[in-house]
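Got your viewer ready? Let's take a short walk and stop at a few helices along the way.

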Amino acid sequence: MGIPSAEWLVRPIGPVDEAEVSAVLAERFGVTGTVHDLGSQQDRNYRVRTETGDYVLKIANPASDPAALRAQCAAVERLADPSGLRLPRAHAGVDGEVVQRLSAGGVELVCRLLDYVPGEPIMDSRYLAPPVVARLGELAGRVVAGLADFAGVEQERPQLWDLRNALTVVETLAPHLPDQERAARVLRASRAAHTLLEPFVDRLPVQVIHGDVTDNNVVCEPAADGRRMPVGVIDFGDLGLGWTVAELAVTCASVLHHHGAGPASVLPAVHAFHAVRPLANEEVDALWPLVVLRTSVMVVSGQYDTLLDPGNSYASVALDREWAMFEAAVSVPAEVMTAQLRHALGRPSAQLLPVAEHTLLPGLPDDVASLDLSVSSEELHTGRWLAPDAETVLARATLTAGRTAVRTRHGEFRLTRTTVDDSVPAATCALGVELHLTGPAEIRAPWAGTVTRHGDTGVTLHTGGLDLLLDGVDAEVQPGPVVSGRRLGTVAVREGVRVLGIQLFRSCATGGRPPRFAPPELAAGWLEVCPDPTRLFLAPDAPDASSSAPYDAPLSARDAQQAITEAELLERREHSFATVQEHYFETPPQIERGWRHHLVDTRGRGYLDMLNNVTILGHGHPGLGEAVHRQWRRLNTNSRFHYASVVELSERITGLLPAELDTVFLVNSGSEAVDLALRLAWAATGRQDVVAVEEAYHGWTYASDAVSTSIADNPNALASRPPWVHTVAAPNSYRGRHRGPQARRYAPEAAARIRELADQGRPLAAFVCEPYYGNAGGMALPDGYLRQVYEATRDVGGLCVADEVQVGYGRLGSHFWGFEQQGVVPDIVTVAKAMGNGHPLGAVITRRDIADAYRTQGYFFSSAGGSPVSSVVGLTVLDALRDEDLQTNAREIGAHLKGRLLELSERHALIGAVHGSGLYLGVEFVRDRESLEPATEETAAICDRLRELGVIVQPTSDRQCVLKIKPPLCLTRRSADVFADALDDVLTHGW
């Protein structure tokens with residue numbers, strides 16, 4: 001096979017003997033040191049270590065122009081001050097010149113000595129977080145802005161990496177490559193991209209650009225969260241004239257090979273570049289075709305280099321990476337990505353549809369009902385949306401109710417397309433509509449065009465650059481030209497149902513048919529390419545036609561409105577909702593649906609809920625919903641009235657506790673429960689002093705907040721305690737004062753403190769503690785801890801309060817109550833959260849004598865506590881826990897999940913420990929297993945990445961370095977594995 005020849009093709013140089021390199025360093029630059037070959041695709045780079053600093057000796061390819069090398073040095077100097085970038089500034093040789101000549105292997109070469117820029121590249125294929133991608137775009141923007149008026153480059157011949165030459169490069173090299181199947185794909189994609197680019201080539205600004213601001217040519221330093229953030233730019237070897245927007249295209253292309261990356265992954269870079277150097281409309285339109293061309297050039301040039309130099313491992317290793325970039329770049333039509341980019345920058349196109357001269361379905365009635373398949377649908381309740389035939393079942397039910405035709409809605413994010421237990425977002429945005437009909441219906445061409453057939457019942461009407469795709473047609477028309485109004489056929493009957501799929505598609509240069517649904521992250525782009533066909537068969541003033549965007553509006557209007565709604569809702573929250581009531585995540589998804597242990601946002605993205613310890617039964621529990629509905633229709637008042645449910649609930653709760661705990665107070669929340677427990681202790685003992693455990697959270701009311709010692713919830717918790725609150729050390733056996741076997745010392749120390757307070761004239765009213773240490777991440781108390789501390793409390797006349805708000809109700813799996821694990825019986829138990837499965841319901845359970853003592857402080861009343869609805873909720877939750885055997889599920893699935901997490905800890909050093917029991921677990925991240933330095937920032941970043949993978953989880957503990965794993969008790973083995981696999985993915989590939 002012959003090797004192509006062209007003036008921009010450069011043969012790579014072979015290795016230069018290190019002895020020769022050392023000689024050049026000493027002779028030309030007066031530098032001595034050790035030399036290490038860094039590798040390069042066409043040049044040779046050597047790292048030089050000296051006693052005074054490190055350098056890089058760059059030996060240029062023989063084709064390199066010394067004047068161009070001097071220009072590179074000048075460009076670096078232009079950017080060096082005052083940009084703050086780390087840059088490879090050049091050092092002059094002993095004769096004062098930055099470019100020096102040498103002879104190696106009989107070949108005359110030139111070289112330069114540059115500063116070694118400290119930091120690491122990010123060219124490996126680990127995941128790049130949005131902030132890292134944004135920094136890449138920012139650096140590209142800063143470079144082109146800094147070089148905007150730089151005039152020190154004269155190009156006498158075309159350059160390989162100048163994207164103005166991209167198609168020529170691909171067409172020259174592709175025929176000579178070993179893999180001709182891939183070569184053909186690259187050729188087709190390049191020609192299609194070039195076709196899209198041609199209208200703009202004379203309008204795109206040209207300047208001197210770096211040409212290679214990529215993951216391989218930036219240096220990074222670790223941020224606090226462990227992410228490698230770019231801080232400098234190296235390798236100006238491709239400096240030259242080019243389209244300004246090509247700089248951004250090159251940067252975007254380099255993102256595409258990273259783990260989990262897709263076309264939408266580049267959007268942070270585009271935003272950041274645009275903020276530094278605004279993009280003109282034609283540059284936005286040219287950007288994605290240039291990305292395709294860049295990846296195409298990389299593929300063909302990489303294979304060409306390995307063809308010329310089979311031993312060049314630097315080039316051969318990059319082949320898979322370059323192909324991955326190309327595959328990602330062409331995975332979406334360039335027209336779709338262009339529309340997505342325009343939408344992201346607030347510039348959606350306003351392309352209009354041709355006027356329909358005839359109605360597509362002339363016999364269709366005006367009262368066509370629309371199916372609500374959205375996340376807010378009332379018809380798709382109790383998990384019916386997960387059924388594979390949910391849309392058909394709902395359509396048939398609507399037709400059975402008396403309608404003759406029903407339709408789906410264009411641009412709707414369909415709940416019926418949502419997937420669960422899947423790290424890849426489902427394609428949920430409808431790019432067409434379906435009509436379900438009870439009787440025959442004829443189909444006519446709304447405008448003139450050319451008909452083609454696809455499949456048995458598919459017809460496409462081509463009109464200019466617009467295709468009308470119809471599926472479900474008994475076609476009568478033959479392929480070929482048709483006039484407007486021509487009868488095309490009738491809606492076909494399949495399995496007793498008439499369903500017609502209707503989709504519009506603006507033909508793309510790459511050809512092919514559009515998908516029926518788009519993923520949420522690319523919905524805006526696809527909706528512009530696939531406009532709404534509803535008005536082809538439904539008159540604008542017909543009932544229920546308002547959900548379709550008008551033809552004279554931007555075609556992405558529906559998606560744009562959805563995005564605006566989400567953003568505006570968050571802004572409205574910030575204005576009307578106290579900001580101390582924080583939300584999860586900086587840019588939170590809008591969650592409007594839940595089912596069992598899954599959540600769904602307004603774009604149909606399903607999430608695994610590993611966090612929600614409130615909804616112990618799971619979300620959308622049908623039995624609970626029906627019970628509440630029945631009781632609301634019947635009666636809801638307060639517990640001063642006499643009715644059965646409040647009595648039944650009180651009896652059921654006491655029946656689950658030791659016999660002496662026989663009296664119940666019903667309240668609204670855990671905070672109220674703890675507050676009441678303390679007031680009961682004060683009344684029963686006539687004292688106020690309380691001992692609480694450090695690093696614990698008990699609530700937000702005055703009393704419950706006073707005994708809350710977690711600085712994560714209140715940074716001033718320890719300093720702002722009232723004088724009647726005393727603390728003992730957190731019995732943290734992993735990172736506390738006493739660790740491992742020495743954790744047994746916590747109990748006698750706490751007991752001694754309680755007795756010391758009594759000796760000082762401050763005997764306790766109560767000792768309050770979670771019987772399983774929740775705020776630390778679901779950690780068991782040391783064996784015997786509560787037995788010894790309860791004994792000391794009772795010795796001084798105090799009462800023992802077990803805060804079961806988080807851990808009670810079977811979450812531990814092995815025990816229904818946390819205190820059972822310690823083999824003790826408290827005097828007062830508080831419970832909430834799980835008790836109501838999200839309904840405001842809590843309880844305080846104690847002895848009759850303690851309850852009666854409250855009379856000394858007056859009477860007790862809670863407006864919603866023990867109401868008929870609340871009582872029915874409490875009873876239904878207990879029934880479901882029993883009937884669905886959720887405690888057993890917590891034990892079995894929790895044991896399986898903990899085993900998976902322990903296995904991960906053996907492979908990932910960031911995991912310091914796995915705490916907990918049942919579905920009350922915590923994974924603690926540390927930067928060092930010896931010092932136990934908390935990986936606080938890493939934990940937050942890991943939670944962000946897990947959310948991208950479809951898992952909702954958050955940090956806990958005073959150090960915010962523990963994953964809080966307290967999902968609904970209906971969690972399945974499959975979902976537990978999904979979580980463990982997602983965490984493994986993040987820890988393996990980065991966050």
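The tour below goes from one helix to the next.

Before you click: this is a predicted model, in which local features need pLDDT of at least 70 and side-chain atom pairs count only at pLDDT 80 or more, while totals for chains, interfaces and linings use all residues. Residues are numbered from 1 along each chain as its sequence is written, and side-chain values use heavy atoms, with hydrogens and water left out.

Start by selecting residues 244-255 and 267-276, helices H6 and H7 (DSSP runs of H or I, at least four residues, numbered from the N terminus). Their axes, lines fitted to C-alpha atoms over the stretch in contact, sit 10 Å apart at an angle of about 150°. H6 and H7 are therefore roughly antiparallel (over 145 degrees between N-to-C directions, on a scale from 0 to 180). Now show side chains: Thr244, Leu248 and Cys252 of H6 meet Ala269, Val270 and Phe273 of H7, contact being heavy atoms within 4.5 Å.

Next, pick 390-400, helix H11. Which of its residues are buried (under 20% relative accessible area, 1.4 Å probe, protein chains only)? Colour Ala390, Glu391, Leu394, Ala395, Thr398 and Leu399. They cover an arc of only 165° around the axis, going by the directions from the axis to the C-beta atoms, which puts them on the same side of H11. Follow that side to strands S11 (369-370), S12 (405-407) and S14 (433-437), which the buried residues pack against; strands are E runs of at least two residues. After H11 comes Gly402, with a positive phi near 120°.

Last stop: 868-883, helix H21. Here 13 of the 16 residues are buried, so H21 is largely enclosed by the rest of the structure. Just past H21, look for Asp885 and its positive phi of about 50°.

Definitions and conventions
Buried means under 20% relative accessible area, exposed over 50%, partly exposed in between (1.4 Å probe, protein chains only). The expected span of a helix is 1.5 Å times one less than its number of residues. Angles under 35 degrees count as roughly parallel, over 145 as roughly antiparallel, 65 to 115 as roughly perpendicular and the rest as oblique.
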